[in-house]
Amino acid sequence: MIAISAQAQVTVGTRMFGSFQDFDKGEYKIIKGKTTVFVVDDLDVSEFENMIKDVWTYNKYIVVDRANYDEEAYKTEQYAPFVVEGFNKTVTSSSGMVSEYVYIYYHYYYYTFKKRKKKTKVKKRTIAGVFLSGSPETIWATLASKKFGDLDEGYTNYGLGYLKNYLQKINSEFEDEGYSFAYAEDYDKKKLKALKNKTLYVPDFIKNKYHAWMMSSKGGTEEERDDKDGLFKKYDHPYEWVSKDALNEKILNATEDFYYLMYVRVNSQKILAVMNGYTGEMIYRDYQTLSYNIKRKDISRIGSKVK
């Protein structure tokens with residue numbers, strides 16, 4: 001039996017897209033023997049090193065700034081890169097409808113080498129990943145430039161604190177030989193009751209509303225909601241709006257449990273989660289397809305589970 005742990009935006013397994021796929025027998029041992037290469041975008045390397053030393057215990061690691069990262073140098077059996085990547089694909093349905101999908105994600109993998117006659121086939125073997133979310137303009141600009149230098153500025157869930165929580169979760173799953181899949185739903189009934197009296201911190205980017213059909217050059221448009229507190233009209237528990245940067249700092253400096261709301265949009269899918277900012281644990285996660293924006297009923301659903 002495979003025990004899959006649901007964690008917002010995070011996958012620990014060999015496939016980030018489509019259906020879940022677990023590890024082969026003995027693969028945890030293979031991963032443990034690798035040296036993880038954390039590639040840092042738009043963050044101070046020394047600050048990342050200070051953060052990761054208390055978070056990553058599963059295997060050896062090094063930290064490399066993107067400007068100094070040479071992918072070919074780490075394409076050996078020794079290393080397992082952890083780096084932001086992205087791609088887009090176009091799908092045409094049987095009726096002729098064209099859909100375009102775009103993905104930016106923090107990708108953890110190692111290389112496999114298979115000799116075939118006179119050639120060696122090199123492939124990336126996914127072992128974990130985190131979906132990143134930002135405005136449509138930001139995502140398309142990243143793909144067009146093929147540069148990832150402005151992730152901290154343009155993406156809603158990329159920052160030293162957010163990465164700390166994600167990496168805490170991934171490291172924990174590897175230590176426990178567990179799994180996680182980004183496309184799943186569940187909640188911890190007992191732990192969610194903490195929100196009866198504890199403040200739920202809400203990052204202010206959640207107030208933005210996405211219009212998929214008011215098409216800009218790529219990917220839709222965004223605007224700020226007129227009544228952001230209307231989302232919480234049926235949430236009868238403490239909450240507080242905070243800036244993305246303030247929440248990031250709160251995670252980094254946490255010394256006790258606190259909880260925050262996280263929202264990630266991946267094309268026409270939305271993932272809404274309640275995170276423990278101290279431990280990186282997810283206590284609630286809701287996943288929906290063909291739904292771009294957070295709605296009042298999404299927040300009220302959390303409130304009903306708290307009760």
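**Notebook: cores, one helix, one strand**

I looked up the largest nonpolar core first and found 81 residues in it. Phe48, Leu167, Phe174 and Leu261 have the most contacts inside this core. I note that the model is predicted.

I then took Phe174 and listed what it touches, leaving out residues up to four places away in sequence. The list has Val12, Phe23, Tyr28, Ile31, Trp56, Tyr58, Tyr108, Ile127 and Ala128. Another core, of nine residues, lies apart from the largest one. Val39, Tyr74, Val83 and Tyr109 are among its members. I wrote beside this that nonpolar side chains tend to be buried together in soluble globular proteins.

Next I turned to helix H7, residues 244-252. Which of its residues are buried? I found Lys244, Leu247, Asn248 and Ile251 to be buried. Seen down the axis of H7, the buried residues fall within an arc of 105 degrees, so they line one face of the helix. An α-helix has 3.6 residues a turn, so residues three or four places apart point the same way.

Last I looked at strand E14, residues 259-266, where eight of eight residues are buried. I checked its two faces and found both covered. One side has Tyr259, Leu261, Tyr263 and Arg265; the other has Tyr260, Met262, Val264 and Val266.

Which strands pair with E14? Strand E10, residues 200-203, pairs with E14 in the parallel sense over two bridges, and Leu200 has Tyr259 as its bridge partner there. Strand E15, residues 269-276, pairs with E14 in the antiparallel sense over eight bridges. For Tyr260 I found the bridge partner Met275 in E15.

Key:
Residues numbered from 1 in each chain as written. Predicted model: local features only at pLDDT ≥ 70, side-chain atom pairs only at ≥ 80, totals over all residues. Heavy atoms only, no water. Core = buried A, V, L, I, M, F, W, Y, C linked by side-chain atoms within 4.5 Å. Buried < 20%, exposed > 50% of the residue type's maximum accessible area, 1.4 Å probe, protein only. Contact = heavy atoms within 4.5 Å. Helix = DSSP H or I, 4+ residues; strand = E, 2+ residues; numbered from the N terminus. Arc of directions from axis to C-beta. Pairing = 2+ DSSP bridges.
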